[in-house]
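Please look at the sequence and the model together. The paragraphs below go through the strands and then the helices.

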Amino acid sequence: MTTTKKELSYFRLKLEAYLGEHFPERVNENTFITARADEALTTYCDAVAQGFSHPEAETMASEVLYQGLHFSKYNTGIQRLELVRDLFVFSYFTGLAYIDVANLTPENIVTLDDKQWIMTKRQKTSVATNVLLLDIPKNIIEKYSGKTYRNGKLFPMLTNQRTNSYLKEIADICGIKKDLTFHMARHTFATMSLSKGVSMESVSKILGHTNIKTTQIYARITNKKIEHDMEHLAGKLDKFNVAMGINSK
């Protein structure tokens, strides 16, 4: 508890010093300063818990601390919702989990026969996963080239908790009623790939599953959708049933 208080005081003092230099008229806004310092501390603790280094965690926390304030050296020029949307779409087209996207470095992008691939290992299982880069994820990588504050990393990641919080904000803006989370992108990649004819074995390899039975869960979801669609179609074919003398129930 003492450590937490010290860390909170640290972020509070950082913000007060920054406001004193750039916005002296705001140095007495105690409610704002306390709330922002608390938010920065939460971000810092979440980042450390997720395996980010202390310098990376502090950079993430500082970004939250100075969010919306001008002259911030942590202002990368990237809008937070735009970044989160792009990372979600990247996962949607690669099947990578949050932590595996966060761990990507330029060295994981490999060119074979004029085709670009992501070649990495899943942090959860240490299983190798190779993903052919399609145009959309390639464009996202290019968009953020040179814009990451995390040395050696491919993307300027936020913490998983903050990313999911911003996804909920995006869902509200778009009128999406589902509880949108980053992991849904990976799930959607699996069901989309299977429904578009990608083999079970290939999807399992791309997702880095250790057991193909895990991948088969997504196939069952896809089959349920097919069943629902065919039943919906059957309800529109009554006139054909009548013509064939079939008693529809």
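In this predicted model, Thr120 of strand S2 has Thr129 of strand S3 as its bridge partner. S2 and S3 are joined by five bridges in the antiparallel sense. The two strands form a hairpin, with six residues between them. In that turn, Ser126 has a positive phi of about 65°.

S2, residues 115-121, also pairs with S1. Four bridges join S1 and S2, and these strands too run antiparallel. Two of the residue pairs can be named. Thr111 is the bridge partner of Gln116 in S2, and Ile109 is the bridge partner of Ile118 in S2. A hairpin is formed here as well, with two residues between S1 and S2. Asp113, in the turn, has a positive phi of about 50°.

Put together, three strands make an open sheet in the order S1-S2-S3, with antiparallel pairing. Strand S1 (109-112) and strand S3 (128-132) are the edge strands, each pairing on one side only. From one strand to the next the twist averages 35°.

The helices can be taken in pairs. Helix H2 covers residues 30-49 and helix H3 covers residues 54-65. Their axes lie 8 Å apart and the packing angle is about 150°. Because that angle is over 145 degrees, H2 is roughly antiparallel to H3. The crossing of H2 past H3 is right-handed. On the H2 side the contact is made by Arg36, Ala37, Glu39, Ala40, Thr43, Tyr44, Ala47 and Val48. On the H3 side, His54, Ala57, Glu58, Met60, Ala61, Val64 and Leu65 take part. Sorted by class, this contact of H2 with H3 holds ten nonpolar, two polar and three charged residues.

Further along the chain, helix H8 (residues 183-195) packs with helix H9 (residues 200-207). The angle between them is about 160° and their axes are 10 Å apart. H8 and H9 are therefore roughly antiparallel to each other. They cross in a right-handed way. H8 contributes Arg186, Phe189, Ala190, Ser193 and Leu194 to the contact, while H9 contributes Met200, Val203, Ile206 and Leu207. By class, the H8 contact with H9 has seven nonpolar residues, one polar and one charged.

H8 also packs with helix H4, residues 80-94. Here the angle is about 30°, with the axes 7 Å apart. This crossing of H4 and H8 is right-handed. Which residues of H4 and H8 meet? From H4 they are Phe88, Ser91, Tyr92, Phe93 and Thr94, and from H8 they are Met184, Ala185, Arg186, Thr188, Phe189 and Met192. Seven nonpolar, three polar and one charged residues make up the contact of H4 with H8. Arg186 and Phe189 of H8 thus appear in the contact with H4 and in the contact with H9.

A last point concerns confidence. The protein chain has an average pLDDT of 81, and 79% of the residues score at least 70. Over residues 71-77 the pLDDT is below 50. Beyond near neighbours in sequence, that stretch has 13 contacts in the model.

Key:
Residues are numbered from 1 along each chain as its sequence is written. This is a predicted model: local features need pLDDT of at least 70, side-chain atom pairs count only at pLDDT 80 or more; totals for chains, interfaces and linings use all residues. Side-chain values use heavy atoms; hydrogens and water are left out. Axes are lines fitted to C-alpha atoms, for helices over the stretch in contact, and angles run from 0 to 180 degrees between N-to-C directions. Angles under 35 degrees count as roughly parallel, over 145 as roughly antiparallel, 65 to 115 as roughly perpendicular and the rest as oblique. A crossing is left-handed if the near helix is turned anticlockwise from the far one by less than a right angle, and right-handed if clockwise. Contact means heavy atoms within 4.5 Å. Ala, Val, Leu, Ile, Met, Phe, Trp, Tyr, Cys and Pro count as nonpolar, Asp, Glu, Lys and Arg as charged, and the others, Gly among them, as polar. Two strands pair if DSSP finds at least two bridges between them. pLDDT is the predictor's confidence in each residue, from 0 to 100.
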